[in-house]
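Reader: I would like to go through this model in questions and answers. Where shall we begin?

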Number of protein chains: 2
Amino acid sequence: MGQSIGKRQTREDILEFSVSLFAEFGYDGVSMRDVAAVCGLTPAALYYHFPHKEALYLEVVAHAFREKSAALLNNLKDSDSPWVQLENFITNLAHLAAKDEIFLRLMQWVRLDSEEIRQQKLAVHVFKDLFLAVHALVAKLNSHYDPYMLSMSIISLVFLSSEGRKIRKFMPGYRPEHDQPDVLARHVIDLLRMGLFQHRTSG
Amino acid sequence: MGQSIGKRQTREDILEFSVSLFAEFGYDGVSMRDVAAVCGLTPAALYYHFPHKEALYLEVVAHAFREKSAALLNNLKDSDSPWVQLENFITNLAHLAAKDEIFLRLMQWVRLDSEEIRQQKLAVHVFKDLFLAVHALVAKLNSHYDPYMLSMSIISLVFLSSEGRKIRKFMPGYRPEHDQPDVLARHVIDLLRMGLFQHRTSG
DNA sequence: GTCTATAGTTTGATAGAC
DNA sequence: GTCTATCAAACTATAGAC
């Protein structure tokens with residue numbers, strides 16, 4: 001909680017202090033008092049910087065997305081083969097999802113926010129770059145599958161495993177290593193490469 | 001909204017009236033007054049049937065999930081081979097996710113629940129049976145993969161594709177048939193069976 | 001730019017009549 | 001089993017001093 005001491009916060013300070021709060025508890029789960037507390041301010045001071053709670057929330061989400069979306073794509077090297085690029089992408093995606101839980105949860109909240117179509121477009125804005133990168137890769141890799149569905153599948157395999165981390169923990173067969181991004185990445189890569197029946201003869 | 005007219009609701013009536021409310025707006029987004037309204041009752045009457053809001057919510061979710069997961073498990077016939085059972089399960093899951101948006105959104109809310117104790121209760125008492133069924137199935141199918149991770153992957157492939165339906169529509173390459181549960185099921189089954197490189201030689 | 005103080009609303013939950 | 005009436009707490013937001 002108490003991340004701040006000095007007063008005189010800028011708008012951006014407030015956004016960065018409160019992003020983890022909204023990521024954790026969602027719009028309805030965070031009060032202006034909560035935000036004020038982590039900023040070391042009173043609620044009244046917040047209303048100097050933002051007209052109301054929803055404006056603050058929208059700026060928090062936009063700020064976080066702008067910040068993180070660039071990092072998603074900088075890891076692809078055209079000099080590598082498509083398969084190696086895909087392997088690296090999956091590994092990087094698993095690491096991002098494991099490390100940046102704030103970003104991951106914020107995306108979940110935006111997907112669930114039923115109120116505004118604008119917030120859905122925020123997710124599209126971020127998701128589209130991600131999707132396009134995978135789409136271009138898999139289109140080069142394999143002509144049998146619909147590249148659109150294949151891209152969705154790859155992203156689903158990495159993201160939903162990461163998103164469901166808290167629930168997964170209570171399922172039979174769970175081991176701590178299942179939370180390691182490298183373990184997830186290797187599993188997804190193996191599954192994509194070989195499927196289920198490649199091992200029947202060799203295992 | 002106003003789905004009910006007659007008074008004298010049973011517990012189950014209340015659960016079924018309020019499930020779409022919690023699915024749409026989540027725990028914090030629904031007040032006891034809202035629930036009372038769709039049941040045609042006053043908030044006080046609700047407290048005759050349930051000690052507090054959280055108990056009501058937990059029963060709503062548990063009720064919805066018991067109903068759906070029982071239907072899924074009943075479609076597994078031991079007379080079929082494990083692979084045929086898995087194919088049928090994936091197809092049924094895809095149809096459920098496409099048809100029952102309330103169930104799908106409820107699952108999203110549960111995954112975002114910030115109260116870990118609440119999540120644990122739901123996971124243990126509701127998800128566990130479903131997960132175990134998939135777990136037992138894939139354990140028979142293939143010994144190379146960790147059955148825990150493989151079960152999560154299969155569920156992820158079907159669910160996240162369905163959850164992201166509204167966002168997917170804006171991605172390049174989208175066609176309306178991608179929303180058909182049979183198309184999704186066939187794609188997932190093919191991917192699981194053969195992986196990406198089974199088709200390199202056959203075209 | 002931040003404070004104290006508070007208005008006005010909504011919330012979860014209860015008491016007691018019927 | 002449901003009602004009316006209500007409480008105490010928490011909430012968003014505002015007014016005015018400094």
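**Helix packing and the chain interface**

Author: In this predicted model, helix 4 of chain A meets helix 7 of chain A through Tyr57(A), Leu58(A), Val61(A), Ala62(A), Phe65(A) and Ser69(A). Their partners in helix 7 of chain A are Gln119(A), Leu122(A), Ala123(A) and Val126(A).

Reader: How many charged residues does the contact of helix 4 with helix 7 of chain A have?

Author: Sort the contact residues by class. Eight are nonpolar and two are polar. The count of charged residues in this contact of helix 4 and helix 7 of chain A is zero: there are no charged residues.

Reader: Is helix 4 of chain A roughly parallel or roughly antiparallel to helix 7 of chain A?

Author: Helix 7 of chain A covers residues 117–141. The axes of helix 4 and helix 7 of chain A lie 10 Å apart, at an angle of about 5°. Angles under 35 degrees count as roughly parallel. Therefore helix 4 of chain A is, relative to helix 7 of chain A, roughly parallel.

Reader: What is the orientation of helix 1 of chain A to helix 4 of chain A?

Author: Helix 1 spans residues 11–29 and helix 4 spans residues 53–69 of chain A. Their axes are 8 Å apart and make an angle of about 100°. The range from 65 to 115 degrees counts as roughly perpendicular. So the orientation of helix 1 of chain A to helix 4 of chain A is roughly perpendicular.

Reader: How many charged residues are in the contact of helix 1 with helix 4 of chain A?

Author: From helix 1 of chain A come residues including Arg11(A), Glu12(A), Glu16(A) and Asp28(A). Helix 4 of chain A brings, among them, Lys53(A), Glu54(A), Glu59(A) and Glu67(A). By class, the contact has nine nonpolar residues and two polar ones, and the charged residues number eight.

Reader: Which helices of chain A does the salt bridge of Arg165(A) and Glu101(A) link?

Author: The closest N and O atoms of Arg165(A) and Glu101(A) are 2.8 Å apart. The two residues are 64 residues apart, so the pair links distant parts of the chain. Arg165(A) lies in residues 165–168 and Glu101(A) in residues 101–112, which are helix 9 and helix 6 of chain A.

Reader: How many strands are there in chain A?

Author: From the N terminus on, the elements run α-α-α-α-α-α-α-α-α-α. Chain A has 10 helices, and its number of strands is zero.

Reader: What area is buried between chain B and chain A?

Author: The contact takes 67 residues from chain B and 64 residues from chain A. Carbon and sulfur atoms give 68% of the buried area. In chain B, Leu112(B), Tyr148(B) and Leu196(B) lose the most area to chain A, together 12% of what that side buries. The area buried between the two chains is about 6,400 Å².

Reader: How many salt bridges does the rule find across the interface of chain B and chain A?

Author: One pair is Asp146(B) with Arg175(A), at 3.2 Å from N to O. The whole structure holds 28 salt bridges over all chains. Across the interface of chain B and chain A, the rule finds four.

Reader: Which helix of chain B gives the most to the side that touches chain A?

Author: Across the interface, 22 residue pairs are in polar contact. The elements giving two or more residues to the chain B side include helix 1 (11–25), helix 7 (116–141) and helix 8 (147–163). With 12 residues, the element that gives the most is helix 8 of chain B.

Note on methods: Residues numbered from 1 in each chain as written. Chains lettered and ligands numbered in written order. Predicted model: local features only at pLDDT ≥ 70, side-chain atom pairs only at ≥ 80, totals over all residues. Heavy atoms only, no water. Contact = heavy atoms within 4.5 Å. Buried area = accessible area lost by both parts, 1.4 Å probe. Salt bridge = Lys/Arg side-chain N within 4 Å of Asp/Glu carboxyl O. Polar contact = N/O pair within 3.5 Å; in protein donor to acceptor, adjacent residues only side chain to side chain. Helix = DSSP H or I, 4+ residues; strand = E, 2+ residues; numbered from the N terminus. Axes fitted to C-alpha atoms, helices over the stretch in contact; angles between N-to-C directions. Parallel < 35°, antiparallel > 145°, perpendicular 65-115°, else oblique. Nonpolar A, V, L, I, M, F, W, Y, C, P; charged D, E, K, R; others polar.
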